[in-house]
Amino acid sequence: MAGTTIIETHGLTRLFKENRAVDSLDLTIQTGELFGLVGPDGAGKTTTLRLLAGLLDISEGGATVAGFDLKEQPEAIKPKIGYMAQEFSLYGELSVMENLMFFAELFDVPKVKLSTRAAELLSFAGLTEFTDRRAAKLSGGMQKKLALACTLIHQPPILLLDEPTTGVDPISRREFWNILTELYLQDTTIIVSTPYMDEADRCSRVGLMYKGEMVVCAPPRQIRDQIEGEMIQVYPANWQAARDVIVDLPGVLEVQTYGEALHILVDSAEARLPEIEAALKAHEIDYHGARPAPTRMEEAFISLIRHLEE
Ligand SMILES: Nc1ncnc2c1ncn2[C@@H]1O[C@H](COP(=O)(O)OP(=O)(O)OP(=O)(O)O)[C@@H](O)[C@H]1O
Ligand SMILES: [Mg+2]
């Protein structure tokens with residue numbers, strides 16, 4: 001049922017010695033949300049997910065998950081959660097089917113339901129042809145899909161997925177997200193951490209973590225709109241030289257590099273585009289494709305982090 005609270009944390013905190021890995025987190029998640037967790041390395045994403053999965057002790061504060069108290073009733077929460085760890089979590093020597101069966105046993109999936117459920121999941125994950133292959137011999141993308149299938153075997157209403165697509169090729173990433181979208185449409189509540197901003201953009205809401213705190217929490221569009229200014233994109237022949245020229249021009253707020261391209265955040269794209277082109281010409285730096293461009297999550301994210309680090 002959409003619109004009811006399924007996860008609620010109050011001052012949720014986890015300390016590792018002095019380090020507040022998760023610091024006073026107040027987060028409310030509604031049933032059926034697809035919530036993206038982003039933030040730089042060490043921001044506290046994994047720690048948050050592990051706390052919510054009941055895999056780490058809480059230092060301060062608390063949370064309710066699916067109506068149960070995380071501290072007092074962890075055993076009641078376990079069947080409600082499908083948790084996919086950031087690191088490889090399969091049994092490499094076991095086959096695809098054996099891995100599924102292992103997780104089924106772990107979560108006491110009734111035997112009568114098991115073969116139908118396994119067949120559904122294998123087809124869902126596109127792994128039907130690979131049932132007998134050892135997990136270690138699957139491609140990276142297939143391993144991720146199998147791990148997801150394993151976390152779905154007990155039909156949990158809440159999924160906690162920790163960077164499920166990191167290091168996976170773009171096609172497999174897209175396939176994985178098609179599966180997530182399908183689950184989302186079936187009203188599964190999903191919290192997924194990701195380093196990929198195009199994935200964050202597909203979420204209904206995004207939480208940006210920084211040094212253990214959730215510093216921004218809003219729908220992707222609102223996060224993009226928070227960025228002051230407009231974006232200009234240009235492909236210079238020598239981006240380092242171009243960057244040095246552009247960064248000091250009036251009205252330039254920020255210069256980010258994207259492979260061959262420079263993304264320049266300016267106060268006004270219309271006003272600054274001719275000035276930037278003139279400056280590049282004056283310094284005899286060849287370029288092409290200079291034009292205004294939409295602000296994406298990626299720029300918004302980098303800009304937000306940069307401001308936090310100032
Ligand atoms: N088991 C642990 N023992 C000690 N410190 C830890 C432990 N796990 C995490 N930390 C620390 O807690 C902080 C948050 O780590 P966490 O793994 O949650 O970050 P993350 O956002 O998932 O990072 P990444 O993007 O690298 O996966 C870091 O400073 C990390 O060093
Ligand atoms: Mg992590």
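This passage walks through the ligand shell, one helix, the nonpolar cores and two loop residues of a predicted model.

Let's start with the ligand. The shell around ligand 1 is made up of Phe16, Asn19, Ala21, Gly39, Asp41, Gly42, Ala43, Gly44, Lys45, Thr46, Thr47 and Gln86. Two elements, β2 (19-30) and α1 (45-52), each give two or more residues to this shell. Of the shell, α1 supplies the largest share, with three residues. As for chemical character, the shell around ligand 1 splits into seven polar residues, three nonpolar ones and two charged ones.

Next comes a quick geometry check on helix α4, residues 111-124. With 14 residues at 1.5 Å a residue, α4 should span 20 Å, and its end C-alpha atoms do sit 20 Å apart, so expectation and model agree. After α4 comes Gly126, a residue with a positive phi, near 70°.

On to the nonpolar interior. The largest nonpolar core counts 64 residues, and Leu146, Ala149, Leu160 and Ile190 are those with the most contacts inside it. Helix α5 (residues 140-152) gives this core its largest share, seven residues. Separate from this is a second core, this one of 13 residues, with Ala242, Ile276, Leu280 and Ile285 among them. Back in the largest core, Leu160 is one of the residues with the most contacts. Leaving aside residues up to four places away in sequence, the partners that Leu160 touches are Leu49, Leu52, Ala53, Ile81, Tyr83 and Ile191.

Finally, two loop residues deserve a look for their backbone angles. Lys211 is not a glycine, yet its phi is positive, near 50°. Its place is the loop that runs between β9 (205-210) and β10 (213-218). Lys211 has 15 C-beta neighbours inside 10 Å; a residue is buried at 20 or more and exposed at 12 or fewer, so Lys211 counts as partly exposed.

Glu284 is likewise a residue other than glycine with a positive phi, here near 55°. The loop in question for Glu284 lies between α10 (269-282) and β14 (287-293). Glu284 counts as exposed because it has 9 C-beta neighbours inside 10 Å, and the cut-off for exposed is 12 or fewer.

Methods: Residues are numbered from 1 along each chain as its sequence is written. Chains are lettered from A and ligands numbered from 1 in the order in which they are written. This is a predicted model: local features need pLDDT of at least 70, side-chain atom pairs count only at pLDDT 80 or more; totals for chains, interfaces and linings use all residues. A residue is near a molecule or strand if its C-beta atom, placed from the backbone, lies within 6 Å of it. Helices (H or I, at least four residues) and strands (E, at least two) are DSSP runs, numbered from the N terminus. Ala, Val, Leu, Ile, Met, Phe, Trp, Tyr, Cys and Pro count as nonpolar, Asp, Glu, Lys and Arg as charged, and the others, Gly among them, as polar. The expected span of a helix is 1.5 Å times one less than its number of residues. A nonpolar core is a set of buried Ala, Val, Leu, Ile, Met, Phe, Trp, Tyr and Cys residues joined through C-beta atoms within 7 Å. Two residues are in contact if their C-beta atoms, placed from the backbone, lie within 7 Å.
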